[in-house]
Amino acid sequence: MRLLKSTLIATAILSTASVLAQSTYSSSLPVKPGKGITVAGTVECDGKPVAGVMVSDGYEVTITDKKGAYYLKSKKQNPQVFITAPAGYDIWRDDVVPQFWADFTQPSDKYERHDFRLKKVANSKHATIIITDVHLANQRNDVDIFSGPYCDILKKEVEKLNAEGIPVYTLNLGDSSWDGYWYGHNYPIGKFRESLNNAKYPTAVYSVMGNHDNDPKAQPGPDSDREASLPYQKAFGPRYYSQNIGDVHYIFLDNINYKNDPASAETYKGVKNKRNYVEDFTPEQLAWLRKDLANVSYDTPLIISMHGPIFRWKGYGMEKFTPVTTENIKIRTEKNSTKELLEILKPYKNVHTLSGHSHKQCLIRLPESEQNLTEHNISGTCGSWWKTRSTGLKNLCPDGTPTAYEIFNIDGKDLNWEHKAFEYEGDKQFFAWDMNGVKEYFKNNEEMQAFLTLYPEWTDYSDLPDNYIYINVWAWDQDGKLKVSENGKELPVEMVLEENPLYTTSYMLRNTVWLNDWNKKGYHKPRRFQLFRAKASAPDSPVEISWTDYFGKETKSTLKRPAPFTLENL
């Protein structure tokens, strides 16, 4: 009865049961469960059985027979059963979340039936929108900004694609909520589903858990990760699962192990635990993945969503324009589970992992001689937790890139992607600064001088040599091309690791000088990220900047100089 009791507790914690309840569908197709079967049901489309559909409880995997029936000898260690839609079908949905799972309602040794519905769709050619780290918490007008202007931008994107006959889906990479504010601000994870529905979000949304999507009141102990995940699972489904959309196999994983150790004092209103976690994959999850992939051919493209990124640059290995090798990247966590995941994926010819968590943009493409895998670590929708926008500026992430989403455009087994900023129109892909103007701002702005007096660890750009141009390429790719020219002559470009002057001014200055918040943890440690720079020969010559991405798409602009550093115009 423990599993059933936990599920009921999870239901009770969520504030709007009508929004969160997964609709129960009863089919007229027959099932004949045999001895030991604890879960069975059917999968149908327009009242007709669908054979060959994968069904799982996260441990066992089976396939529907020619009558559309499935049978599982499930021990119900997880609280749900789910299906993996085959190519050419969508899963039925009544709201923004597809009904691909059903909650167990009976004890582990008792039989229960759960049926599912599909609908036919031509989705070999489709698009997926990627969002992550929305971090809604009922503060800084975050719910209204996301539900209003941000969703409006995505609606226009979807309308354009749908007009071309292209179905669109959304992958949400976690941290939709903010566990510290579940209780003090009345915004638990289930509220995010409610916000999506209220905003009339334009596509089906498939999600993964982030560390902040766990219940911060879950009791610490060996079962804390599972207990903390139950409200999320009630609202958005299993912690790990898969779907087929067109010719692509989509996998959704949970690499956050929530510990939630006791704290000596209240950390947030109503929260007395640390909300800590480690990043790894459970053995059960990887065992399920092996069974899932046993039904997937090696030439099928894999798109794998998770919250925490797999890789990081070793010792800031991007200091030079050199090919990525296994020497200058490393697994972000040395846990054997991550290495095991890479071994499982190694036979597949086209693998893309999607992650958030870092609130910054980074793409790592492994050498083909090692593994056919590209990791896309995608910038957060909330930027720096909605803070820069709350002071009247555009929303920026800690690496100085504007908040953005990505779109994967998929035609059969061909994949390409593009990065799009929420608050900038058109195809803008970079910021460029005349650093002579930045120097003047840092030298003469009284608020900046006050900040630098109290934070001498941060760079004082008033000391920079003359005539530098700095560029922040938002979705830099090692296989792209950045070109800077002055009067028709191409200038040498170098990569540097420095503080982004726009972030320093938009976030650091305004959250210290403006808000009189001086001692917050982390403020004294400068945040250095990749920037590009070139040195012009004169202070008043225009500079042409061109960025050509991995797919050959070029974005160009002219920086007219001298150019003052003004936040409101960037």
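Leaving aside neighbours within four places in sequence, E499 is in contact (heavy atoms within 4.5 Å) with W458, T459, Y461, T504, P526, R527, R528 and L531 in this predicted model. Among these residues, R528 is joined to E499 through a polar contact of 3.2 Å between the two side chains, a polar contact being a pair of N or O atoms within 3.5 Å, of which, within protein, one must be able to donate a hydrogen and the other to accept it, with residues adjacent in sequence counted only if both atoms are side-chain atoms. E499 lies in the loop between β30 (494-498) and α11 (501-514), where helices (H or I, at least four residues) and strands (E, at least two) are DSSP runs numbered from the N terminus. The relative accessible area of E499 is 1%, and the residue is buried; buried denotes under 20% relative accessible area, exposed over 50%, and partly exposed the range in between, with a 1.4 Å probe and protein chains only.

Residues are numbered from 1 along each chain as its sequence is written. Because the model is predicted, local features need pLDDT of at least 70 and side-chain atom pairs count only at pLDDT 80 or more, whereas totals for chains, interfaces and linings use all residues, and side-chain values use heavy atoms, with hydrogens and water left out.

A second buried loop residue is G400, with a relative accessible area of 0%, which is located between α8 (387-390) and β24 (404-411). Apart from neighbours within four places in sequence, G400 is in contact with F431, N472, N500 and Y503.

Helix α10 (residues 446-454) has M448, F451 and L452 as its buried residues. These cover an arc of only 95° around the axis, and therefore lie on the same side of α10, the arc being that of the directions from the helix axis to the C-beta atoms. The buried residues of α10 pack against α9 (435-444) and α11, while E446 and T453, on the other side of α10, are exposed. The N-terminal end of α10 is capped by N445, a side-chain oxygen of which lies 3.1 Å from the backbone nitrogen of E447.

An open sheet of six strands, with mixed pairing, follows the order β14-β15-β18-β21-β23-β22, two strands being taken to pair if DSSP finds at least two bridges between them. Since β14 (241-245) and β22 (362-365) stand at the edges with a single partner strand each, one side of each is left without a neighbour in the sheet. From one strand to the next, the twist averages 15°. Helix α6 (residues 283-293) packs on the sheet, where it touches β14, β15 (248-252) and β18 (302-305), and its direction makes about 170° with that of β15; axes are lines fitted to C-alpha atoms, for helices over the stretch in contact, and angles run from 0 to 180 degrees between N-to-C directions.

Within this sheet, β14 and β15 run antiparallel and are joined by five bridges, with Y250 in β15 as the bridge partner of Q243. The two strands form a hairpin with two residues between them, and G246 in the turn has a positive phi of about 60°. Towards β18, by contrast, β15 pairs in the parallel sense over four bridges, and I251 stands opposite I304 in β18. Both faces of β15 are covered, with V248, Y250 and F252 buried on one side and H249 and I251 buried on the other. At the β22 edge, β22 and β23 (residues 373-377) pair in the antiparallel sense over four bridges, and R365 stands opposite T374 in β23.
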